[in-house]
Amino acid sequence: MIDYPIPIGRPRVGSAGLTGEWRLTRPVINYDKCTKCRLCVIYCPENSIDLLEGFDVRIDYDYCKGCGVCAQICPQKAIDMVTEVK
Amino acid sequence: MISVTRNTVAMEGNHAVAYAVKQTKPQVLSVFPITPQTTMLEKLAEYIERGELKAELIKVEGEHSALAAVYGAAISGSRVFTATSSQGLLYMGEMIYWVGGERVPIVSAVATRAIAEPWSIWDDHQDFFTKRDSSWIMMMAENVQDAYDMTIQAFKISEDKKVLLPVMVGFDGFILTHTMERLEILDDEDVERFVPPREFNLVDFSDPINVGPLAQPDDYMKFKRDAMIAMRQSEEVIERTAHEYANLSGRDQDGMIECFNCNDAEYVFLTAGAWSGDAKEAVRRMRKEGKKVGLIKLRVIRPFPEKVREVVRGVSKIVVFDREYSFGFGGILAGELKSKLYGSGIEIMSVIAGLGGKDVRPTHFQKVMNDVISGEKFQERWLND
Amino acid sequence: MTEIPENIRSKRIVREQYFFRGNAACPGCPIPKELDLMLEIMGKKTVLVVPASCSTVIMGDIHGSPSTVPVIHSAFAAAPAIASGVSRQIKLKGEDAKVVVWAGDGATGDIGFAGLSGAAERNEDMIYICYDNEAFMNTGIQRSSLTPYGAWTTTTPAGKREFKKPLPFIMMQHKIPYVATASIAYPFDYQGKVRKAKEIQGFRYLHLLSPCPPGWRFDSSLTIEIARLAVETGIWPLFEVLNGKFSLTGISKTLLEKRKPIEEYLKLQGRFSKLDKKEIEIMQEAVDSMWEDIRKMTN
Amino acid sequence: MMNWEIVLKGRGGMGIVSAGELLVKAFVKEGKYGQSIPYFGGERRGAPVTSYVRLSDEPIYMHREVYNPDLVAVFDMSLFNVTNPLEGLKEKGSLLLNTKNPRSMWNKTYFLDANGIADKLNLSMAGWKLINTAMLGAIAKVVNMVSVGTVEEIVEQEFEGELGKINAEAVRIGYEEVRKI
């Protein structure tokens, strides 16, 4: 480990905190419609959609900022943007 | 006592610094040409071309990039060196603070020179003093020997774990850069032992850190306080390094300050840089006349030597010669000395001279001090004629 | 509240993250994705040099960073020089590592342009990636030399009167081994170019058009759509120049003769909302004229 | 204690700075102290140029230019038409001229036909006669604090190969041929 008396930061998931709290709308996957094309994983700007074994996908709501890109690019329209209720 | 060894040579200041750099074996250099530093850059390029120095010389497009390039190399593990002067130092300005804040060991030589406008290629200390708040250690050479010795010591001080601050070695443009003087050089092996290969690296792929990210207000203040402490601790390291260097070179070596005939002196000059020699000549002449005159030479202006409080005991008046000026305030060293000696009762007078290469001779020092001895008082005097 | 079925919830994640989620980028900002895709190709032995830009903030603070590789923060104009120093040191150590500059358009085309040109002229061994969001976004949307004609910014309230500095073409004139443009809408084209750049020695320049939802005034869900339209309308041609040889890539290969009208691209962005017909015509002409130049280069 | 402050007057390209430096090197080689100070202002070929030298058997503190020299060496007599090379020269100081037709201009006036020596040894470069090493020999003689052998040795090291030998010879001839009026 580098030991040094000046500003350094180390890799961390959630460096800006739980960014899921920023969300105004929430993407919800309709797994019945999902064809496992993975476009949402590829395009999610925040990298907050996980690719799972068997090509399934899962949104990490702890960090998803609710931008809506996934819903916009989904060819099956299998993702709905739902108003966040807090 | 005259002694000649195979290590006694004659060299110009720029070449002496280049030689010291060669002996400390930096791996990456980046220097942009500027008068009067250029002959140093040329000499370094020649050493590399001839294979005497195995280093990368990055020939950048400006001084800002010169310091940036060595910063990048220093972070990833290189011992590095750069050099500049005047406008170039100002152009580097942003990176000077950057490097100081990041506390990366870097050594830079600064051939001190006046700042435009109007254009001047001649010597004063204005450029150097603009960087006094950038958390660099700042040393100032009196002669070519000093410039050589300080450059070698600078690497050791900079890399000391108690310090970890960049070091600037100031030496007067032309007056030292282009003047050839007698110089005692060290053997390569001795320098290598004195400044061993450096262990410093912030680029480690198994521990990928973020170097110099945003700091929140609380953290920022803490880091600045740490830098303040390191700067204070560096005084001790500078003294220790000088002591070790004296053992190596067999010559006396002062640390933070040099005290020239000031032990029993009532009247004392305070200077930094090459004209300290001319002031010494004045002291020597005045001593012959039986006057109790001495000189305090600051070898280091940052950190400002705390030791100055000890050596002024018994002194009644100090005349500070400033070769730079804080407009709207006064001579910078004079102001700083007054602050350090607050409450001591010592009278401190300020002389501004030698700006833009304006000539200052031993007789100028003598004249001013004779006035002071005869009771003349002044806050600030400009030597214009 | 959970919408994830049990069988999905229990599954194992199979793709690693190269740039961690939960960073400080705005919703819909493509920068984290662009970094993730790039680092996937470049690998762990990559040093990122990041000058002042949105990415400075995105890279986190002393308490944590989304980057999985070492990052060196840089003053605004200093990145190409810092990267030169790192690159030389890596060469001296004989390490199999790469240096990537990750810079915005302001750092690249404006304040850092001398440094960029200098490093390119010296053919320093590094990959320089300009993620171009077409204004000084981190300071709050002020025009840069890469802001396009007609675009609103806070310093061009009536729309910019000058044209975008053609940086990829300027870099081409430096005769460096590799120049390429890319877009987040075409991730495989982008990754392919990164892969190519990785395998070349010397100065490689990549220019990525990076739509900015708050700066360009569009809904954050449209990032990819707008990036795609920039390519399809031809305002952002995808090409590469390998050792002086120019070639269009991906969909841009098919656009020499016929492109979508740029209005389709412009109308989705609030920053162009005040453009009148005349101005749109001027922009269309500029795009068409650029394609005439491209035609000459492809021959 | 022996101190010499010397002013060298010539034209850009004549090698007066080198002459000063070679003299300093010879002094240092003999364990003494020396300082060579070029005029700080950039040289222009053909323009009048000044260079200063301090020599001593003790450490030298001063760094200033020389105002009241003990010796002025004039490398080119035509300088008298454009400047006053004698300015500041001490009353008891010495003057050294490069000329074959000397006239007494100071109490102690020395002269040497350095051009003649350069011609004889075929010392020239790009149309310029190389007179500085002959003048160096003459200065060494006037100063009389360093052995001419040391100066020759330094000069021989400074130039490569045959040129070193010829220049060393110029030093010796200059040393031997300099005369006082």
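How far apart are the closest C-alpha atoms of chain C and chain D? They lie 28 Å apart, and no contact joins the two chains. Please keep in mind as we walk through that this is a predicted model. Chain A and chain D do not touch either, and their nearest C-alpha atoms are 41 Å apart. Four pairs of chains do touch, and among them the most contacts are between chains A and C.

Let us start with chain A and chain B. Which residues of chain A lose the most area to chain B? To set the scene, the contact draws on ten residues from chain A and 19 residues from chain B. About 1200 Å² is buried between these two chains, and carbon and sulfur atoms give 66% of that area. On the chain A side, A:I2, A:Y4 and A:P7 lose the most, together making up 49% of what that side buries.

The polar part of this interface is worth a look too. Six residue pairs are in polar contact between chain A and chain B, counting pairs with both residues at pLDDT 80 or more. The side of chain A that touches chain B is made up of eight nonpolar residues, one polar and one charged. One salt bridge is found across the interface. The partners are A:R10 and B:D207, whose closest N and O atoms are 2.8 Å apart.

Backbone pairing also links the two chains. Strand β1 of chain A, residues 8-9, is joined by two bridges to strand β9 of chain B, residues 210-211, and the two strands run antiparallel. If you would like a pair to find on screen, A:G9 stands opposite B:N210 in β9(B). As background, strands of a sheet pair through backbone hydrogen bonds, in either a parallel or an antiparallel sense.

Now step inside chain B, to strand β12. Is this strand, residues 293-298, largely enclosed or open? Six of its six residues are buried, so the strand is largely enclosed by the rest of the structure. The burial holds on both of its faces: B:V293, B:L295 and B:K297 point one way, B:G294, B:I296 and B:L298 point the other way, and all are buried. Notice that a lysine, B:K297, is among these buried residues.

Two neighbouring strands pair with β12(B). Strand β10, residues 257-260 of chain B, is joined to β12(B) by four bridges and runs antiparallel to it. Here B:F260 stands opposite B:L295. Strand β11, residues 267-271 of chain B, pairs with β12(B) in the parallel sense over five bridges. In that pairing, B:V268 has B:G294 as its bridge partner.

Some backbone details in chain B may catch a computational chemist's eye. The peptide bond joining B:A116 and B:E117 is cis, with omega about -5 degrees. The next bond, from B:E117 to B:P118, is cis as well, with omega near -10 degrees. B:E117 sits in the loop between β5 (107-112) and α6 (126-129), and B:P118 has its place in that loop between β5 and α6 too.

Phi angles offer two further stops. B:S86 is not a glycine, yet it has a positive phi of about 45 degrees. This serine belongs to helix α4, residues 86-91 of chain B, and it counts as buried because its relative accessibility is 0%. B:N261, also not a glycine, has a positive phi of about 55 degrees. This asparagine is found in the loop between β10 and β11 of chain B. With a relative accessible area of 35%, B:N261 is partly exposed.

Finally, which strands make up the sheet that includes strands of both chain B and chain D? Nine strands form an open sheet with mixed pairing, in the order β1(B)-β8(B)-β2(D)-β3(D)-β1(D)-β4(D)-β5(D)-β6(D)-β9(D). Its edge strands are β1 (8-12) of chain B and β9 (179-180) of chain D, each pairing on one side only. The step from chain B to chain D is made by β8 of chain B, residues 180-184, and β2 of chain D, residues 33-38, which pair in the antiparallel sense over two bridges. Within that pairing, the bridge partner of B:E181 is D:Q35.

How values were computed:
Residues numbered from 1 in each chain as written. Chains lettered and ligands numbered in written order. Predicted model: local features only at pLDDT ≥ 70, side-chain atom pairs only at ≥ 80, totals over all residues. Heavy atoms only, no water. Contact = heavy atoms within 4.5 Å. Buried area = accessible area lost by both parts, 1.4 Å probe. Salt bridge = Lys/Arg side-chain N within 4 Å of Asp/Glu carboxyl O. Polar contact = N/O pair within 3.5 Å; in protein donor to acceptor, adjacent residues only side chain to side chain. Nonpolar A, V, L, I, M, F, W, Y, C, P; charged D, E, K, R; others polar. Pairing = 2+ DSSP bridges. Buried < 20%, exposed > 50% of the residue type's maximum accessible area, 1.4 Å probe, protein only.
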